[in-house]
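Here is a structure to question. Each label in it should be traced back to a value and a cut-off.

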Amino acid sequence: LVLLRKQRVSEASEHFRRALALGGADVEAHVNLGVIACIEGRLEDARVHFEQSLAIHREVGNRRIEGIDTSNLGNVHRELGNTGQAEQLYQLALAIHREVGNRRDAGIVIGNLGLLQNDQGHTDEARALYEDRSAFLKQLAGGSAGAALALRAAREAQAQTAGPGKL
């Protein structure tokens with residue numbers, strides 16, 4: 001992880017590949033190789049690693065990380081243009097996050113759903129999701145910090161849905 005944080009991606013990738021060669025089911029290695037593959041634009045490789053991580057987390061019953069893996073897969077499918085699959089994965093991830101009380105990542109998924117709607121030209125739906133996310137962030141953080149997060153999310157929503165020259 002240190003190598004990845006220092007943007008030494010190829011060294012980090014080699015480290016995680018060695019970890020997989022030694023243990024085979026190193027879930028951290030799969031997740032990190034998935035992230036690296038995304039950074040490098042190798043979306044099919046990312047999909048494979050995120051699916052392997054998801055399978056491991058399902059097997060051991062780690063629902064919280066299962067939700068994160070599912071959201072990661074939604075991101076990959078969104079980038080691949082598989083909007084229907086991305087939406088299904090985001091909805092599943094949101095349901096898992098709500099089930100386990102993972103409010104922070106539920107908010108992230110709501111934002112991802114907003115981006116997906118905006119990508120498809122559904123600006124009203126995207127705006128509504130961004131507003132939901134803003135209210136959610138405000139409630140999650142509370143007080144002035146929550147208000148600041150909500151304001152930031154509202155500005156992001158406006159920028160995402162306004163289009164060029166409309167801000």
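Q: How do you know the class make-up of the lining of the largest pocket in this predicted model?
A: Each lining residue is sorted by its type. The result is six nonpolar, seven polar and four charged residues. Asp counts as charged, and Asp69 and Asp105 are among the lining residues nearest the centre. Val and Ile count as nonpolar; Val31 and Ile68 also lie nearest the centre. Asn72 is in that central group too, and Asn falls among the polar types.

Q: What makes a residue part of the lining, and how many residues line the largest pocket?
A: A lining residue has an atom within 4 Å of a pocket point. For the largest pocket, 17 residues line it. The space inside comes to about 320 Å³. Helices H3 (27-39), H5 (63-80) and H7 (103-119) each give two or more residues to the lining. H5 supplies the largest share, six residues.

Q: Why is Ser53 called buried or exposed?
A: Buried means under 20% relative accessible area. Ser53 has 0%, so it counts as buried. Ser53 is found in helix H4. Leaving out residues up to four places away in sequence, Ser53 touches Val27, His30, Val31 and Asp69. Val31 and Asp69 are also among the pocket residues nearest the centre.

Q: What makes a set of residues a nonpolar core, and which residues form the largest one?
A: The members must be buried, of nonpolar type, and joined through side-chain atoms within 4.5 Å. The largest core has ten residues: Ala86, Tyr90, Ala93, Leu94, Ala106, Val109, Ile110, Leu113, Leu116 and Leu129. Helices H6 (83-100) and H7 each give two or more of them. H7 gives the largest share, five residues. Leu129 touches Ile110, Leu113, Gly114 and Gln117, not counting residues up to four places away in sequence. A second, separate core has eight residues, including Leu43, Ala46, Phe50 and Leu73.

Q: Why is Cys38 called buried, partly exposed or exposed?
A: Partly exposed lies between the 20% and 50% cut-offs. Cys38 is at 31% relative accessibility, so it counts as partly exposed. Cys38 is found in helix H3. Beyond residues up to four places away in sequence, Cys38 touches Leu43, Ala46, Phe50 and Val76. Leu43, Ala46 and Phe50 belong to the second core. The C-alpha atoms of Cys38 and Asn75 are separated by 9.5 Å, with their positions 37 residues apart along the chain.

Q: How do you know how Leu80 should be classed?
A: Its relative accessibility is 32%. A buried residue must be under 20% and an exposed one over 50%. Leu80 therefore counts as partly exposed. Leu80 is found in helix H5. Leu80 touches Leu43 and Glu44, again not counting residues up to four places away in sequence. The C-alpha atoms of Leu80 and Arg47 are separated by 10.0 Å.

Q: Why is the pair Arg42 and Asp45 called a salt bridge?
A: The cut-off is 4 Å between a side-chain nitrogen of Lys or Arg and a carboxyl oxygen of Asp or Glu. The closest N and O atoms of Arg42 and Asp45 are 2.5 Å apart. The pair therefore qualifies. Arg42 is partly exposed at 25%, and Asp45 is partly exposed at 36%.

Q: What makes Glu79 and Arg78 a salt bridge?
A: Their closest N and O atoms are 3.8 Å apart. The limit is 4 Å, so the pair counts. Glu79 is exposed: its relative accessibility is 53%, set against a cut-off of over 50%.

Q: What makes Glu51 and Arg47 a salt bridge, and where do they lie?
A: The N to O distance is 2.8 Å. That is within 4 Å, so the label holds. Glu51 and Arg47 both lie in helix H4 (residues 43-60), four residues apart, about one turn of the helix. Glu51 is partly exposed at 34%. The structure holds eleven salt bridges. Arg58, Arg63, Glu66 and Glu99 are linked in a network of them.

Methods
Residues numbered from 1 in each chain as written. Predicted model: local features only at pLDDT ≥ 70, side-chain atom pairs only at ≥ 80, totals over all residues. Heavy atoms only, no water. 1 Å grid on protein atoms, 1.4 Å probe; cavity = no way out; pocket = protein on both sides within 12 Å on 5 of 7 lines; lining within 4 Å. Points joined across faces, edges and corners; volume = space filled by probe spheres on them. Buried < 20%, exposed > 50% of the residue type's maximum accessible area, 1.4 Å probe, protein only. Contact = heavy atoms within 4.5 Å.
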